[in-house]
Amino acid sequence: MNNKKYLFLFTISSVQSFIAQARKTQDLYAGSRILSELIKAGIEKFETNFKVFESQTIFPVIDDKDKLASLPNRFIRQISIPDDIQEVDKFLRQNAQTIKERVQGRLEELASESLNRTPRPTGFNEQLAQALDMHWAFQEIENEDYATSYKKLEQLGGSIKNVRMFEQYTYQNGVEHGEKGRKCNLDGENNALFYKPKQSQAPAYIYGGSAVRGFALQEGEGLSAMSFVKRFFPDTNTFPSTAEVALMKDEAKLSDKQDIQNILKCFKKLFNKVRLPQTCIELFTQDLISRINLIDYENNDDWNEHFDYQYCFEENITKKNFPDSLQFSLVQKLQNRLQSHLKTNHYALILFDGDSMGKWLAGDKLKPEYREGKKLKEFHTRFSKLLAEFGKHAREDILNPNLNNGQTIYAGGDDFLGFVNLHHLFEVIQKLRTDFDKLVNNGLGTYKQTGKHLTFSAGIVIAHYKTPLSEVLKKAREVEKKAKNQGDRNAFAIAVLKHSGEIQECVFKWDSKAEEASAFSNWQDLETIFTMLRDETFSNKFISSLSTELYDLAGLALDKIDTATNLSAQIEAGVELEIKRLIKRALVKRETPETNKKNTDSLCKAVLAIWQNADLKNVKKTENFIHALHIVDFIHRKIGKENANKN
């Protein structure tokens, strides 16, 4: 009996906005977890439907033991259909439809888990039914030509994604307002169906919604069906907030300050009303309080039972956050003792994805013998496995709260998104880059053309913990695109979103040797500058002086200097002289003449390299250079000498 072979592609589209619609870190993480659960359900349904047929995994590879694995928004499988199957097209369409239905069904299950006992308001089911944009395609493999069939499948999938059907919401209980009303605070598109009352009143223009108590929602906040599912998705409420990420290193350093560590433990217990008597006893024994009145505290509904690391900062100890006067006074007292130890208020968000992935998957960068037929399929299978292994390694061994360095949101192999504690930024980025090369490029050594390496481009944003998360995510995607476009791939871009509203950005190749896959000399040079400032070997005055003298030298504003081409020669010569002169003057930690020279030469070399490598296409070199120095100085100032992470 002959079999016809087909490739099957299933995709959930618009995933960037699906995941990025978030106000809290747990919203972001929940979006990633939900997507992985849905794709996993689709894969399992495919395998069930075709279990009696021969099938093969192409992408992605799933480790059944890794329950937290991040899965991409699509999967590809190969299936063999016997000739005795009648009306093959109809048979395949029916099976594809059942896969879509299973994915939608899994979303319904997840929604029920998030709702728990919360009633479904009018419009919930309708919004959930239209939350996913799912597409599928089958492509027959003719003449065993896997490579051509794969390319056709990708083209077909791309064409289908560009067509999206829209349906009008129709409610079944006679409600006429439809989707007219206040929109969700997360997605900004769908009606808000859940809300937290503001001063005991429902927010305006919310029709028939469900009130939600507690601190999971802010006063007056409204959520749509899908946003509610994210916010209350099981096992995500422990995902660290931006404030917790910012403070991870500070808290870890309390291990050698037992008294302060005990105060922090008591501080966290103040958010558990049931344990308050026991906590007060601990406070008495530590001489933190002398007397307290606990009469009727159990009957007080104003008790804030949701601890967030933002309460470690004085500006958040307000009557609004702590309406109960007893809790307010205790929290205020303990925060005052903690504030000098917990003070880092900025963090980093990093986003990267693989460069030229389409060309890699099409076989353009492979040896000739692996570009066609079964050899290309062999590469796809191997590639998928390596990306899955790196994703797990990145999540467990590189960026993990147990390492006090941050939290991975999504690690799908060539795609990565994570929060990084600012103290660990340089080392985490280096580790991601070197291990990506070791695990993926080395693993593909048999298949790759000589000199071809898979690389990634990264967008890095440094922000205050109170900066709206949606703005941080938006900027991260923006600078990642600049790394790919202005940096011409294999590059990184950094942006600082200052609390004042000022933004500084720079774009660089990872290494002066542009095609290197594991080297990162430009990143290391930035770290050298940071280390010299952190250790107070040099004053940061040379950076501000250099900015000023560039203006004096050219007589033009910083962003105009590079457009005056007739000045380029004198600028080049002048900058290099000024760098050396100003760095020598900025030396503050004077030791032996040999050590002083060594430190000065090291910093000069790093700064000059940044200047020389700041010239990229569509990038203003002088502005790019100065912004890079100011960004490094910003990191140094926000961490401080005492807080610095010394390896």
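These legends go with six close-up views of a predicted model.

**View 1. Helices H2 and H3 pack against each other.** Take H2 as residues 25–49 and H3 as residues 88–115, and you'll find their axes 9 Å apart, at an angle of about 140 degrees. That angle makes H2 oblique to H3, since the label "roughly antiparallel" is kept for angles over 145 degrees. The crossing itself is right-handed. On the H2 side, the contact is built from Ile34, Glu37, Leu38, Ala41, Gly42, Lys45, Phe46 and Asn49. H3 answers with Asn95, Thr98, Ile99, Arg102, Val103, Arg106, Leu107 and Leu110. Sort the residues of this H2–H3 contact by type and you get eight nonpolar, four polar and four charged.

**View 2. Strand E1 pairs with both E3 and E4.** E1 covers residues 3–12 and is mostly covered, with seven of its ten residues buried. Strand E3 (residues 74–82) is joined to E1 by nine bridges, and the two run antiparallel. To find your place along that pairing, look for Phe8, whose bridge partner in E3 is Arg77. Strand E4 (residues 134–141) is also antiparallel to E1, this time through eight bridges. Here a handy landmark is Ile12, which stands opposite Met134 in E4. As a reminder, strands of a sheet pair through backbone hydrogen bonds, either parallel or antiparallel.

**View 3. Three strands make an open sheet in the order E6-E5-E7.** The pairing in this sheet is mixed. E6 (210–211) and E7 (222–223) are the edge strands, each pairing on one side only. Zoom in on E5 (residues 194–195) and you'll see it matched with E6 in the parallel sense, over two bridges. One residue pair to pick out is Phe194 with its bridge partner in E6, Ser210.

**View 4. Gln335 is a buried residue of helix H10.** H10 spans residues 325–338. Gln335 has a relative accessibility of 3%, so it counts as buried, the cut-off being under 20%. Who surrounds this side of the helix? Setting aside neighbours within four places in sequence, Gln335 is in contact with Phe267, along with Tyr311, Cys312, Phe313, Glu314 and Ile317.

**View 5. Val472 sits buried in helix H14.** The helix runs over residues 469–485. With a relative accessible area of 0%, Val472 counts as buried. Leu349 is 123 residues away along the chain, yet its C-alpha atom and that of Val472 are separated by 7.6 Å. Leu349 also turns up among the contacts of Val472, once neighbours within four places in sequence are left aside. The others on that list are Tyr347, Val461, Ala463, Thr467 and Leu497.

**View 6. Helices H15 and H18 cross at roughly 135 degrees.** H15 is residues 521–534, H18 is residues 593–612, and their axes come within 9 Å. The two helices are therefore oblique to each other, and their crossing is left-handed. From H15, the residues to look for are Asn522, Asp525, Leu526, Thr528, Ile529 and Met532. They meet Asn599, Ser602, Leu603, Ala606, Val607, Ala609 and Ile610 in H18. By type, the residues of this H15–H18 contact divide into eight nonpolar, four polar and one charged.

Terms used. Residues numbered from 1 in each chain as written. Predicted model: local features only at pLDDT ≥ 70, side-chain atom pairs only at ≥ 80, totals over all residues. Heavy atoms only, no water. Axes fitted to C-alpha atoms, helices over the stretch in contact; angles between N-to-C directions. Helix = DSSP H or I, 4+ residues; strand = E, 2+ residues; numbered from the N terminus. Parallel < 35°, antiparallel > 145°, perpendicular 65-115°, else oblique. Left-handed = near helix turned anticlockwise from the far one by under 90°. Contact = heavy atoms within 4.5 Å. Nonpolar A, V, L, I, M, F, W, Y, C, P; charged D, E, K, R; others polar. Buried < 20%, exposed > 50% of the residue type's maximum accessible area, 1.4 Å probe, protein only. Pairing = 2+ DSSP bridges.
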